[in-house]
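Hi,

Here is the structure I promised to pass on. Have a look at it first, and my notes on the empty spaces and the ligand follow underneath.

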Amino acid sequence: EKQGYKHFMLKEIHEQPARITDALRGRVSVDRGDVDFGEMGFDEEWIKGLDKIVFVACGTSYYAAQVAKYTIEELARVPVEVDLASEFRYRNPLITENTLCIPVSQSGETADTLAAMRQASELGAKCLAICNVIESTIAREAEGVVYTQAGPEIGVASTKAFTTQLAVVSMLAVWLGRRRGTLDAEEAREILQALRDVPGTMDKMLHEKAIYKHIAYNYSDVNSCLYLGRGNLYPIACEGALKLKEISYIHAEGYAAGEMKHGPIALIDENLPVVILVPKNRVYEKVFSNLEEVKARQGQLIALATEGDNGVRDFADVVLEIPDVPEYIQPLLSVVVMQLLAYHVADFKGTDVDQPRNLAKSVTVE
Ligand code: M6R
């Protein structure tokens, strides 16, 4: 049932606007400037008194959690920690009865995420799961669950599960902000309206194909690739690198753009493609300076920029574009570009895109 697509992954990439619409349906009320998740079993007073939120997750779901830190801290003004579930398990984490633990998992069966959630629960935290698979173990064991409504994901490389996680994270940030009194209805309306606009905007972006074929043709025989992003696009750089590694077997590394000078700059020469996420946002100028630094060292630059940004075109070898959207929305649109980039490189190389070597869809052992 690939519906005419060459791979499940490509079908799932194209399905994202519809699945994000599903994730928002019945939950977002732009008029009220609020989100309704139905009964979640958390007392409103308890939500107001939260001392911190701790996310635990693995792989792509971990990057969704990292984006969540930016959005939730900004809108709900509560400290957010994000841990790899496999790391959290063997630390002695600081959890209290006023801690909300949020496991994020597509499958709801990932062994480390489940164990981390159980541990947080034993230490007194309340757990709210963000899961895709209905009635999965993580979904069942948590006090509350918000389903991502992405439908079954067949491709081992996660795509629609991730973007629906991001949609849920944005809604959750608004929900928390409204309950904690840190976000007024007017601001919430703006964010929710922008979220509502995502499926339409994303749909238009999915028609572009030629540029990815061009990149695949020119870059699929490289050995390594560096991805740079900053702010809420740093996790998206990491997710872009993960996608490329998983399906094309090209080594790729996601790095915080501001850290380039502290090491990875030594790698840059004419053979290293550098993917830089540089749309117009609060750190635009900062990331723009990375463009200049890479160019000065003859690096191959693939930039993701805001539509019509001619400044970036002066430096970059290839420019990929997203429309001019608010910062909260940029991860959602940028990651689609990262997915398509990885997909077309892998498809050009002829790898097994839906079943990459050595990988399993769900990692149920430690
Ligand atoms: O089912 P989960 O979201 O808990 O899975 C977590 C990771 O195993 C998963 O995201 C993995 O990294 C994917 N292959 C990414 O494409």
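Let's begin with the enclosed spaces: there are two cavities of 30 Å³ or more in the structure. Please keep in mind that this is a predicted model. The chain has an average pLDDT of 96, and 100% of its residues score at least 70. For the complex, the predictor reports an ipTM of 0.99 together with a pTM of 0.97.

**The cavities**

The largest cavity comes to about 70 Å³. You can find it by picking out the residues around it: Ile-215, Tyr-219, Val-222, Cys-225, Tyr-227, Leu-244, Ile-250, Val-275, Ile-302, Leu-341 and Val-345. Helix 10, strand 8 (224–229) and helix 14 (330–349) each give two or more residues to that lining. What classes do the residues of this lining fall into? Eleven are nonpolar, with no polar and no charged residues.

The second largest cavity has a volume of about 30 Å³. Around it sit Val-67, Thr-71, Leu-166, Ser-170, Tyr-328, Ile-329, Pro-331 and Leu-332. Here the elements with two or more lining residues are helix 4, helix 8 (160–180) and helix 14. So helix 14 turns up again, if you are keeping track. By class, this lining has six nonpolar residues and two polar ones, and no charged residue.

**The pockets**

Now for the open spaces. The largest pocket holds about 470 Å³. It is lined by 24 residues, and Cys-58, Gly-59, Thr-60, Lys-361 and Val-363 are the closest to its centre. Two or more lining residues come from each of helix 4 (59–76), strand 5 (99–105), helix 6 (111–122) and helix 11 (234–248). The lining is a mix of ten nonpolar, ten polar and four charged residues.

The second largest pocket holds about 250 Å³. How many residues line it, and which lie nearest its centre? There are 13, and the ones nearest the centre are Met-205, Glu-208, Glu-307, Leu-320 and Glu-321. Helix 9 (185–205), helix 10 (210–219) and strand 12 (318–322) supply at least two lining residues each. Helix 10 is also one of the elements that line the largest cavity. Sorted by class, the lining of the second largest pocket has seven nonpolar, one polar and five charged residues.

**The ligand**

Last, the ligand. It is surrounded by 13 residues, and the closest are Ser-61, Ser-105, Gln-106, Thr-110 and Glu-246. Which of its contacts are worth looking up in the viewer? Try these three:

- A polar backbone atom of Gln-106 is 2.7 Å from an oxygen atom of the ligand.
- A polar backbone atom of Ser-158 is 2.8 Å from an oxygen atom of the ligand.
- In the side chain of Glu-246, an N or O atom is 2.6 Å from a nitrogen atom of the ligand.

How much of the ligand does the protein bury? On its own the ligand exposes 420 Å², and the protein buries 91% of that area.

If you want a place to start, show the ligand with Gln-106, Ser-158 and Glu-246, then switch to the residues closest to the centre of the largest pocket, such as Cys-58 and Lys-361.

Cheers

Definitions and conventions. Residues are numbered from 1 along each chain as its sequence is written. This is a predicted model: local features need pLDDT of at least 70, side-chain atom pairs count only at pLDDT 80 or more; totals for chains, interfaces and linings use all residues. Side-chain values use heavy atoms; hydrogens and water are left out. pLDDT is the predictor's confidence in each residue, from 0 to 100. On a 1 Å grid over the protein atoms alone, a cavity is a set of points where a 1.4 Å probe fits but cannot get out, and a pocket is an open set with protein on both sides within 12 Å along at least five of seven lines; lining residues have an atom within 4 Å of a point. Grid points are joined across faces, edges and corners, and a volume is the space filled by probe spheres set on the points. Helices (H or I, at least four residues) and strands (E, at least two) are DSSP runs, numbered from the N terminus. Ala, Val, Leu, Ile, Met, Phe, Trp, Tyr, Cys and Pro count as nonpolar, Asp, Glu, Lys and Arg as charged, and the others, Gly among them, as polar. A residue is near a molecule or strand if one of its heavy atoms lies within 4 Å of it. A polar contact is a pair of N or O atoms within 3.5 Å; within protein, one must be able to donate a hydrogen and the other to accept it, and residues adjacent in sequence count only if both atoms are side-chain atoms. Accessible areas come from the Shrake-Rupley method with a 1.4 Å probe; for residues, only the protein chains shown count as cover.
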